[in-house]
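Trainee: I am new to this structure and would like to take a close look at a single part of it. Could you guide me through that part slowly?

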Amino acid sequence: MAVAEQTPPAVDRIRPATAPPRTGWRRHWHLYAAISPFYLLFLAFGLIPVGFSLYLSLHRWDGLGSMEWAGLTQYQYLFTDVDFWQSIGNTLIIWALATFPMIFLAMVTAVMLNSAVRFRNAYRFAYFLPNVTSVVAIAIVFGSVFSTNFGLVNALLQAVGLDQVAWLNTPWGIKVAIATLMTWQWTGYNAIIFLAGLQTIPGDLYEAARIDGAGPVQTFFRITLPLLRPTLLFVLVVSTVTGLQSFSEPQVLLQTASNESTFSGGPDHAGRTMVLYFFQQTFDNNDFGYGAAVAWGIFLVVVLFSLINWRLVQRRGEQ
Amino acid sequence: MRLSRRGLLRAGLAGTAATALGGLASGCAVPTGSTGRNMVLWYWSGGLSDTVVKNAKARYGGSVDLDAIQIGGYYRSKLITTLAGRAHIPDIAGLRGEDMASYLPNADQFVDLRTLGAEKLRSRYLDWKWQQAVAPDGSLVGLPIDVGPVVHYYQPAVYEKAGLPHEPADVSRELDTWDKFFTAGERLKKRLPGTYILTDVVSVFEMSIGQGTSRFVDEDRRFIGDGPHVRACWDRAVEAKRRGIVSDIVSGTPDSISATEKGTLPSQLNASWAAGDLKLAYPKTEGHWRVADCPGGPSNVGGSFLAITKACREPERAFEIISWMLDSRNQAQGFVDAGLFPSTPASYAMPKLREPDPFFGGQITMDVFGPAAEKIPVAFNSPYDIALGQPIRDEIKNVGVLGKDPAKAWEDAMDSCRRIAKHLGVAF
């Protein structure tokens, strides 16, 4: 409610002195009313469900019957659950495989878009397009691209004389396929963000560098990159938060025969990310209490990695 | 009164606040079930025959407005959300067969159909399917919509080329056991290199479990997945892998579609409803398929129910509607419209179900499906079955796909089950 508390003093100044002095919320009720829709919606669809999931994680519940108090046993099991730890590992590997190439490609794309090319807006539009495409549709297409005998990727490998890889049937192949999908989907979006960052860098810095005889590579590492740091931080944090919550990508990509669980993540659970594991526990096993505990486990991991990201980028900034 | 800007703003804000408050107030008065003349029915796309739903609306239109809604997405979670939230609960709800085990412990959410005279309809339905809707307390939760008898779909031209039996009656007779089926698989591979009788090992394991009378957890909440009945199914799947008759193709991918079209994956062990999927996925192969009995005996995959919720204000009328919608004549219509295989044996003899199917080369498929549906074994399906069967399924998949050592895989599966059983409070 920080916003609500900061608003009244600003209003005092514009209120005519003749108004009868009233105290507390009654004096400013219409201002509170004006900002209330957000808070009411947030309360109903944000805070209450979050609070309820915390409550739920202390119980056993099959979703329909009566809840049974479980204390901290769900969390106790969570910390010893090798399947959950494996899902954290999977998520991080997929995240790293997706994020670092993605940031590199996005940066390159942004620099290219920033230079004077024709049809710049058309390129921007084209690069942004993957981001607004449905993940389910993308995953179905990527399923074909990575299929063993008729996939595009294997066709390319064979064209350069390499062997076929059973991408969706080997633990590493699955991770690479999911990461490639995520890279493809997010590169354009982040390129647009980087582009916005690039355009805030004053042109006279580049001019000065050119006069001093700096080449394009030097200019990039000495001017562009340092001044792009806030943008880089933003991109990293957003990629961390979305990457650590990947769900639809593995779910649709690894969906097989209809009488199998769609949440098991392929052979050796190689594609079972944290959120996929959460879904399996909650909606396959009807273990809503444990599902809620897993959700809080995911929350802790996301917070931890956001902090790490923040510290890393911040540190470098101080030097 | 002169309208000042401030006055307008104030009026606007007051209006917003009033709307918000009004929304909250009406939020407290959400009806538990349907309102007015409505009788709300929830099902999923393809879950009921469109013709039957339309006829039911017309037939009962004099007394109620039957409001049949197709719910998209994850059906079960949407249904239990309304049940747990006690708001807008449908009067009649479809329950999927695979979710049934998780509804039964909460039978108090539904009207016990015995109290509405369901017992006298019992002889209409397959007994094993009826028993799947009986809760531990003896109450009857739903009436069966359909069943999913498992059969052996195959391409006779490929079998013939490999010197295997290829007429449906011969295939049913000569490949009646798993062992004979595996031997045929070896012959198929030898005569036509690159051709596999099985896409993956998981189907062998799954169908074998379905052919038995016990699964992974028993009535007393004890884990029995380490028992000889599961071990036999496991060993059978491992055997299929060992004999090299399993492809390394992932089912449902473009690879499996093209291999099936080319005839290098000429057979499938799957439920009756898979016939519809075959027709949809391989329209070019019309006439190239036949149906025979599944090796090892009949089993079932899927098949749903219609239940009446406790929120229904007119249970008698609702029961009248569902018992009409699910009589043998309408179930026959369901098969014609939506491929829903009837749970009422009387339907099997009806002319429209005995028509030759051009996709299966003019075979009368009911001759295979019907007897299979009547002989399906009854097995107790615990609400913990999914959670404790999954580790074993996952490990057999690892054996099949990654070539993991079967002994190690079984050990890992049992370790996982022990851990999960303890967590769920199931005795190991």
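Trainee: Into which domains is chain B divided, and what can be said about the place where they touch?

Mentor: Bearing in mind that this is a predicted model, we can begin with the division of chain B, in which domain 1 takes in residues 38-148 + 302-349, while domain 2 takes in 150-300 + 376-424. The centres of domain 1 and domain 2 of chain B, taken over C-alpha atoms, are separated by 30 Å. Where the two meet, 13 residues of domain 1 of chain B are in contact with twelve residues of domain 2 of chain B. On the domain 1 side of this contact, the elements of chain B that give two or more residues are α4 (100-103) and α5 (127-131), and the largest share, three residues, comes from α4(B). Sorted by class, that side of domain 1 of chain B has six nonpolar and seven polar residues, but no charged residues.

From here we can turn to the largest nonpolar core, which has 180 residues, and in which Val201(B) and Leu388(B) are those with the most contacts inside it. Helix α9 of chain A, residues 171-199, gives the most to this core, with eleven residues. Because domain 1 and domain 2 of chain B both give residues to this core, it lies between them. To follow one of its residues by eye, take Val201(B), which, leaving out residues up to four places away in sequence, touches Ala237(B), Ala240(B), Lys241(B) and Val246(B), together with Ile396(B), Val399(B) and Gly400(B).

How values were computed
Residues are numbered from 1 along each chain as its sequence is written. Chains are lettered from A and ligands numbered from 1 in the order in which they are written. This is a predicted model: local features need pLDDT of at least 70, side-chain atom pairs count only at pLDDT 80 or more; totals for chains, interfaces and linings use all residues. Domain bounds come from an automatic or database domain assignment. Two residues are in contact if their C-beta atoms, placed from the backbone, lie within 7 Å. Helices (H or I, at least four residues) and strands (E, at least two) are DSSP runs, numbered from the N terminus. Ala, Val, Leu, Ile, Met, Phe, Trp, Tyr, Cys and Pro count as nonpolar, Asp, Glu, Lys and Arg as charged, and the others, Gly among them, as polar. A nonpolar core is a set of buried Ala, Val, Leu, Ile, Met, Phe, Trp, Tyr and Cys residues joined through C-beta atoms within 7 Å. A residue is buried if 20 or more other C-beta atoms lie within 10 Å of its own, exposed if 12 or fewer, and partly exposed in between; C-beta atoms are placed from the backbone.
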